Amino acid sequence: MDLNTQKERETNLELHTSNFNSLLATNLFFGEECVNKNLPLIIQEQGYSKIFIATDPGIVSSGILNKVLKILDDSSIKCEIFSEVEPNPLDVTVMKGTAIYIEENCELIIALGGGSAMDFAKGVSAVVGNGGHILDYRRGKKTLQKKCPTIIAIPTTVGTGSEVTPVSVITDPQAKRKYIIASPYIQPQYAMVDPTLTYTLPAHIVASTGMDALVHAIESYTSNAANPFSESFSIQAIKMLVKNLPTSYKDNEDREARAQVHLASTLAGFAFNYGKLGIVHSCSHPMSARYGVPHGIANAVILPYVLEFNKVTNIEKFAEIARIFDPSLKDVDEREAANQVSKVVHRFNAQLNIPSTFSHLKIDFTHSMIAELARDAMDDVGTFPFNPRKASLDEVVSIYQKVLI
Ligand SMILES: [Fe+2]
């Protein structure tokens, strides 16, 4: 494919000026002890008297729940604690939490944890506000029609950006499928991004979840839904993550780097909320669903191969990304810098001890296994259509062939 053809330039221009909605539905608080400083004030200002806390056993054993409970107790705020949220929350767990929320006359939800706690909290909020069963509202079925209880999201990991997005992923164990529930009604009204909650995260989790955030930032920057509003979040998040993720991975004591990664992850959440994602995510989802590869690792491994595939769509943007990873590329022309984008990301992954392919899985991928993965990737309607370069089945197969060996 010829680089940067006239037709592509026209397409990019056309998309660049297309309509978008810039409403920031989440009020973001950032900084050390921002939970301590703001949580009771917000709850009291709104006049809520009983709070539902959605969290998981890991947050209980880490002592983070107790820290939040003390903050609430000091302000005499009553709580109902639901700490049974599992990784990839199930529909039955959402329905159980909803029943408790209603029975206990709760008025607001605090989502305390990683992506799962936030997915669960959004699910409970949806059903409390609209009735029925959570899977009634999966994408393609009913839409949420009524206002839902307020959610205050307090992320304790980096990466998902779920604290500022209107999307929840709920698993139906009988169908063995994950379903998306998306509505502005379940976007958290408040996000409290407190880096002190991430200071004890293990290094390998920082690497994988930080790379998930970096992929959110890069995919939203280069997607066909990108616009100047989303791009401003994307590019800032890319810069912050490239600068701080390796330090945060190697030096657990560097609080500034950890804080920058936490904030950049939230900015990347805003970015993909408005700018969407692409086929890194389309291809990584089946690797997690079929072979249990952690989401951030799957994204990180696939990223350089998709960049190689996508770079022809916008030489300026891919050159800009490559130069953020390797500032010495300012001395070469745009096309040469864009051509290096995959290489510099491979090098970055290596700094985080992320493998360059999935060979560590030690699976002999047959042609039919690869074809299944490719079909799943193309069925990912939430990401695949927004990739800047349209990919055929053969092209997706070809990406998998390179990354699976
Ligand atoms: Fe992701």
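Helix α11, residues 295–310, has 16 residues and reaches 21 Å from its first C-alpha to its last, close to the 22 Å expected at 1.5 Å a residue. The model described here is predicted. Within α11 the axis bends by about 40° at Leu303, and a proline, Pro304, follows within four residues. The helix is mostly covered, with 15 of its 16 residues buried.

Helix α6, residues 115–130, offers a useful parallel. It also has 16 residues and reaches 22 Å from its first C-alpha to its last, close to the 22 Å expected at 1.5 Å a residue. Like α11, α6 is mostly covered, and 15 of its 16 residues are buried. After α6 comes Gly131, whose phi is positive, near 75°.

Positive phi values also occur in residues other than glycine. One of these is Asn88, with phi near 55°; Asn88 has its place in the loop between β3 (78–82) and α5 (91–103). A residue is partly exposed when its count of other C-beta atoms within 10 Å falls between 12 and 20; Asn88 has 16 such neighbours and therefore counts as partly exposed. Beyond α5, in the loop that leads to β4 (108–113), lies Asn105. Phi of Asn105 is near 50°, again a positive value in a residue other than glycine. With 11 C-beta neighbours inside 10 Å, Asn105 counts as exposed, because the limit for that class is 12 or fewer.

A further loop position is Lys362, between α14 (341–351) and α15 (367–378). Lys362 has 6 other C-beta atoms within 10 Å and is therefore exposed. In sequence, 43 residues separate Lys362 from Ile405, while in space the two are 9.1 Å apart, C-alpha to C-alpha.

These elements belong to a chain that is divided into two parts: domain 1 comprises 6–20 + 200–404, and domain 2 comprises 33–193. The centres of domain 1 and domain 2, taken over C-alpha atoms, are separated by 28 Å. Where the domains meet, 20 residues of domain 1 are in contact with 12 residues of domain 2. On the side of domain 1 that touches domain 2, α7 (203–222) and α9 (255–275) each supply at least two residues. Helix α9 gives the most to this side, with 10 residues. By residue type, the side of domain 1 that touches domain 2 divides into 9 nonpolar, 10 polar and 1 charged.

The chain as a whole can now be considered. It has 16 helices and 8 strands. Its C-alpha trace spans about 65 × 45 × 45 Å along the principal axes. For 405 residues, a compact globule would have a radius of gyration near 22 Å, and the chain, with 21 Å, agrees with that value. Buried residues make up 50% of the 405 residues. Among contacts between residues at least 6 apart in sequence, 77% join residues at least 24 apart.

Methods. Residues numbered from 1 in each chain as written. Predicted model: local features only at pLDDT ≥ 70, side-chain atom pairs only at ≥ 80, totals over all residues. Domains from an automatic or database assignment. Contact = placed C-beta atoms within 7 Å. Nonpolar A, V, L, I, M, F, W, Y, C, P; charged D, E, K, R; others polar. Expected span 1.5 Å × (residues − 1). Bend = angle between axes of the 7 residues up to and from the residue. Rg over C-alpha atoms; globule rule 2.2 N^0.38 Å.
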